[in-house]
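Please open the structure in your viewer and keep the sequence panel beside it, since this tour moves from one selection to the next. At each stop, select the residues that are named, look at them, and then read on.

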Amino acid sequence: MGAENYQIDLGSLIACDPSHHFQPLPSSREELERQCLEKGTELVQEIVNVLFSLPASEELDGPIVQLPKPTTRLPREKHLPKPKPPTKWELFAKMKGIKKHKKDKRVYDEQTGTWKRRYGYDRVNDDRDVPIFEAKMTDEPGEDPFGKRKNEKKKRVEKQEKNRLQNLKQAFKAGNLPSHIQLAATALPITGTQNVIPKKASKEELEGVAGMAATATASGGKFDKKLPGEKPAKHAGKHRKFLPVVEGRGMGAREKEQTKKILNKLMAKSSHDILDVDRAVTMFNVKKEKQRKRDKEVISLTSNKLKPNKKPFKKSSNKKQ
């Protein structure tokens, strides 16, 4: 059977035989699997033959061919995405007939004579690059133009965030949100829906959080300002103690001693054959001396208990007259 009897789509690397049918039907499952493998091997061989008949270019990795566009329409794995609901601005632009035009990302800045970004960091016509503001007739006397510009920007950011949340609420009502965004939108106060009232934090929980925040600094809250009526933290954090960075009086010897101590610990852990004979003899003698003192104390206590109590002899105070 030639390649003209097959339907081959090189763009998707698919081949099928529309005239193929089982006759007679296989008597067992093993026979059916064997015939399917034979037919699959035959179809794969036809795809390879057609691929090697295409014009190829020699590269370092070997011959490379350009596959044509696929002609077979494969079914989608996921459903088609739902269209997003229009925002307030999109509805307003549609009502007014405003069309969106693509703008260039780079704009010429007349102040510096260079090309800068339209938005973002180091943008064109940035107010921060202007050290002097020209006073207007409507300006109030004594008003700070730099502070006014900062407040206006803060208000714009707050308004933009408010609009974003409003659009998220409307999309949540329509149900046209992905699962993870829809889960986050349930925490927003949406009108017309029953929201779960968050649990009120208890006094103990608030004290615990306040104590954690107070001791979260490097000094454990030692140098932080205390509020009136603030109680000390119940569980003060423990911090490791390090030697000072600047070497002072006797610091070289302390650092040397600490390094030697760490080295001795490492040597003791890494080796089991090293034995300090002098130290072992000293420890044995010390233990022996302590035991001898204990035995001597016990003997002295026992001998004191066994001695009889004798009353002292008193002389008579009467004198012969």
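How many bridges join strand β5 to strand β6, and do these strands run parallel or antiparallel? The model in front of you is a predicted one; select residues 106-109, which make up β5, together with residues 114-117, which make up β6, and you have two antiparallel strands joined by four bridges.

**The hairpin**

Within this selection, pick arginine 106 and look across to β6, where its bridge partner is arginine 117. Then follow the chain from one strand to the other: four residues lie between the strands of this hairpin, and glycine 113 takes a positive phi near 75° there.

Stay with the hairpin and show the side chains of tyrosine 108 and tryptophan 115. Tyrosine 108 counts as partly exposed because its relative accessible area is 42%, while tryptophan 115, at 58%, is exposed. We shall come back to the rings of these residues after a second pair has been introduced.

**Helix α2 and a nonpolar patch**

Next, select residues 88-96, which form α2, and continue along the loop that leads to β5, where you will find isoleucine 98. Now add Trp89, Phe92 and Met95 to the selection, for together with Ile98 they form a nonpolar patch on the surface, with about 450 Å² of accessible area between them. Which of these side chains is exposed, with a relative accessible area of 52%? That residue is tryptophan 89, whereas phenylalanine 92, at 36%, is partly exposed, and isoleucine 98, at 41%, is partly exposed as well.

**Aromatic pairs**

A pair of aromatic rings is described by the distance of the centres and the angle of the planes. The count for this model is two aromatic pairs. For one of them, keep tryptophan 89 and phenylalanine 92 selected: their ring centres are 5.8 Å apart and their planes stand at 35°, so this pair is described as tilted. Because the two residues are three positions apart in helix α2, about one helical turn separates tryptophan 89 from phenylalanine 92. Now return to the hairpin for tyrosine 108 and tryptophan 115, whose ring centres are 5.5 Å apart and whose planes stand at 65°, so that pair is edge-to-face.

**Salt bridges**

The count of salt bridges comes to nine, and a few of them make good stops. Begin with aspartate 17 and lysine 39, whose closest N and O atoms are 2.8 Å apart. Aspartate 17 sits in the loop between β2 (14-16) and α1 (29-53), and lysine 39 belongs to helix α1, so this salt bridge ties together parts that are 22 residues apart in sequence. Are the two partners buried or exposed? Aspartate 17 is buried, with a relative accessible area of 11%, and lysine 39 is buried too, at 14%. Add Glu42 to the selection, and you will see a network of salt bridges that links Asp17, Lys39 and Glu42.

Staying in helix α1, select arginine 34 and glutamate 38, which form a salt bridge with 2.5 Å between the closest N and O atoms. These two residues are four apart in the helix, which means that about one helical turn lies between them. Here arginine 34 is partly exposed at 39% relative accessibility, and glutamate 38 is partly exposed at 46%.

For a further example, move to residues 145-174, which make up helix α3, where arginine 164 and glutamate 161 are three residues apart and therefore separated by about one helical turn. Their salt bridge has its closest N and O atoms 2.7 Å apart. Arginine 164 is partly exposed, with a relative accessibility of 46%, and glutamate 161 is partly exposed at 36%.

**Cysteines**

Now select cysteine 16 and cysteine 36, which are partly exposed, with relative accessible areas of 33% for cysteine 16 and 40% for cysteine 36. A disulfide is a covalent bond between the sulfur atoms of two cysteines. How many disulfides does a search of the whole structure find? The search finds zero.

**The whole chain**

Finally, clear the selection and colour the model by secondary structure. The protein has seven helices and six strands, and from the N terminus on its elements run β-β-α-β-β-α-β-β-α-α-α-α-α. Of its 321 residues, 9% count as buried.

Definitions and conventions:
Residues are numbered from 1 along each chain as its sequence is written. This is a predicted model: local features need pLDDT of at least 70, side-chain atom pairs count only at pLDDT 80 or more; totals for chains, interfaces and linings use all residues. Side-chain values use heavy atoms; hydrogens and water are left out. Two strands pair if DSSP finds at least two bridges between them. Patches are made of residues with over 30% relative accessible area and no salt bridge: like charges are joined within 9 Å, nonpolar side chains (Val, Leu, Ile, Met, Phe, Trp, Tyr) within 5 Å. Accessible areas come from the Shrake-Rupley method with a 1.4 Å probe; for residues, only the protein chains shown count as cover. A salt bridge is a side-chain nitrogen of Lys or Arg within 4 Å of a carboxyl oxygen of Asp or Glu. Buried means under 20% relative accessible area, exposed over 50%, partly exposed in between (1.4 Å probe, protein chains only). Rings of Phe, Tyr and Trp (its six-membered ring) pair if their centres lie within 6.5 Å; planes under 30 degrees apart count as stacked, over 60 as edge-to-face and the rest as tilted. A disulfide is a pair of cysteine sulfur atoms within 2.5 Å.
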